[in-house]
Amino acid sequence: MTTSDKFQQYVLPTYGRIPIIPSKASGTKLWDENGKEYLDFCTGIAVCSIGHCHPRLTKAIQEQAETLMHCSNLYLIPNQAELARMIVEDYVKIPGKVFFSNSGAEANDGLIKLARKFGHHNPAADGKPRTEIITLDMSFHGRTLGAMSATGQASIQAGFSPILSGFHYAILNDIESVIEKISDHTCAILLEPIQGEGGVNAATPEFLTQLKDLCKKHDLLLMFDEVQTGFGRLGNDMAWRAIVDGIEPDAISWAKGLGGGFPIGSFWVNDRVINDEDFALSSVLGNKTHGSTYGGNPLACAAALAVLTEIKESNLAANAVNQEQRIRETIGSWNLPQVSEVRGKGLLLGIGLNPEAFHLMEGKTPALELMLRLGDAGLLTVAAGPETLRLLPPLNVTDEEVDQALVIIHEVLKGL
């Protein structure tokens with residue numbers, strides 16, 4: 001029985017899978033079972049932040065696996081404490097505390113619980129808890145029931161009603177649409193600094209600054225979903241700082257690139273005082289309010305420590321800035337009718353596509369058609385909606401590898 005046959009018979013059909021069967025990978029390269037080599041600019045959808053099988057990461061996993069892979073969170077896990085310290089001191093650089101989960105959806109569920117609990121601690125004037133959260137159209141926060149409810153895409157929620165109540169969807173970079181959604185029972189605003197799945201749409205500096213002002217005025221939490229954008233991906237340690245510095249969020253979620261391929265998620269909560277009794281926001285989720293069996297286990301934390309250390313020591317955020325400039329300049333020089341623009345920041349870039357320039361078979365979108373053709377040509381990418389192609393290479397991608405990818409994209413586009 002072939003791998004394809006086994007998938008059809010035994011695996012739920014929840015993905016539109018591409019007929020590539022990976023066998024091994026190293027750095028920016030991936031090989032399929034037939035030995036065909038691919039340049040990987042998908043990297044597990046922004047997961048392999050320091051490339052495939054990086055020596056530092058594989059060594060950390062091997063050494064930890066020989067010592068202690070898992071134990072209960074009822075105990076003090078040294079790797080977990082050190083990883084939390086590194087995230088707070090070396091990356092966020094704002095006093096706060098960290099919770100560890102297994103995925104980005106779980107991390108965002110944690111932010112939803114934080115916001116609801118905050119709304120109970122600081123209720124509305126009528127004494128009722130504040131439970132409403134504002135998110136944005138075309139956002140994506142995950143596929144658990146809570147994260148899916150926060151996601152501002154009807155197609156993601158279709159067939160799962162009733163979704164979790166209390167979410168209201170505003171429009172990215174339209175502050176008036178946010179103001180219209182604020183009520184006496186609003187407790188938080190949750191958004192991605194750049195919407196990855198929704199089309200690589202970036203928040204403007206002005207919009208983020210205005211959101212912070214609104215949160216201060218109405219006593220709301222400002223929460224950033226950096227699951228796809230955090231830890232150097234946008235050219236800064238923290239994604240929101242890559243767009244605007246000088247504002248202070250209340251909570252941030254991460255996953256994907258944090259583990260470099262090993263499953264781990266987390267969220268950070270600000271230590272700021274939230275009432276007259278010197279009660280810190282980071283104390284809202286106290287004993288028995290939240291938990292995870294596997295979250296923050298020794299093996300996952302060893303992996304994440306290796307990844308974050310490599311990002312820092314090799315200054316990979318700076319490489320993201322450099323490669324963004326090179327990619328933008330090259331694509332801008334092509335003047336091809338299929339390309340409308342390049343959106344995004346750092347190494348989360350979206351190539352906007354003109355549908356009129358594509359001759360598509362029924363059921364195909366420009367992004368899917370281009371993604372499949374690039375795969376045939378040896379370059380792995382990923383769509384972000386029907387008319388955007390995402391480029392998500394590892395943060396340590398080289399000039400030569402970027403040039404090679406751009407040559408492939410250019411030739412495939414010209415062939416269309």
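## A tour from Arg390 to the helix 13/14 crossing

Start by selecting Arg390, which lies in strand 17, residues 388-391. The model on screen is a predicted one. Colour by accessibility. Arg390 has 0% relative accessibility, so Arg390 counts as buried; the cut-off for buried is under 20%.

Keep Arg390 on display and add Glu197. The two side chains are joined by a polar contact of 3.0 Å.

Next, the sheet. Show strands 4, 12, 11, 10, 7, 5 and 6. These 7 strands form an open sheet, ordered 4-12-11-10-7-5-6, with mixed pairing. Which strands sit at the edges? Strand 4 (96-101) and strand 6 (167-170) do, each pairing on one side only. On average, neighbouring strands in this sheet are turned by 20° against each other, direction ignored.

Zoom in on one pair. Select residues 221-225 for strand 10 and residues 251-254 for strand 11. The two strands pair in the parallel sense, over 3 bridges. Pick Met223 here: its bridge partner in strand 11 is Ala251.

Last stop: two helices. Select helix 13 (residues 366-376) and helix 14 (residues 399-415). Their axes come within 10 Å and cross at roughly 120°. Helix 13 is therefore oblique to helix 14. The crossing of these two helices is right-handed.

Now show side chains at the crossing. Which residues of helix 13 and helix 14 meet? From helix 13, display Leu370, Arg373 and Leu374. From helix 14, display Ile408, Ile409, Val412 and Leu413, which the helix 13 residues meet.

How values were computed: Residues numbered from 1 in each chain as written. Predicted model: local features only at pLDDT ≥ 70, side-chain atom pairs only at ≥ 80, totals over all residues. Heavy atoms only, no water. Helix = DSSP H or I, 4+ residues; strand = E, 2+ residues; numbered from the N terminus. Buried < 20%, exposed > 50% of the residue type's maximum accessible area, 1.4 Å probe, protein only. Polar contact = N/O pair within 3.5 Å; in protein donor to acceptor, adjacent residues only side chain to side chain. Pairing = 2+ DSSP bridges. Axes fitted to C-alpha atoms, helices over the stretch in contact; angles between N-to-C directions. Parallel < 35°, antiparallel > 145°, perpendicular 65-115°, else oblique. Left-handed = near helix turned anticlockwise from the far one by under 90°. Contact = heavy atoms within 4.5 Å.
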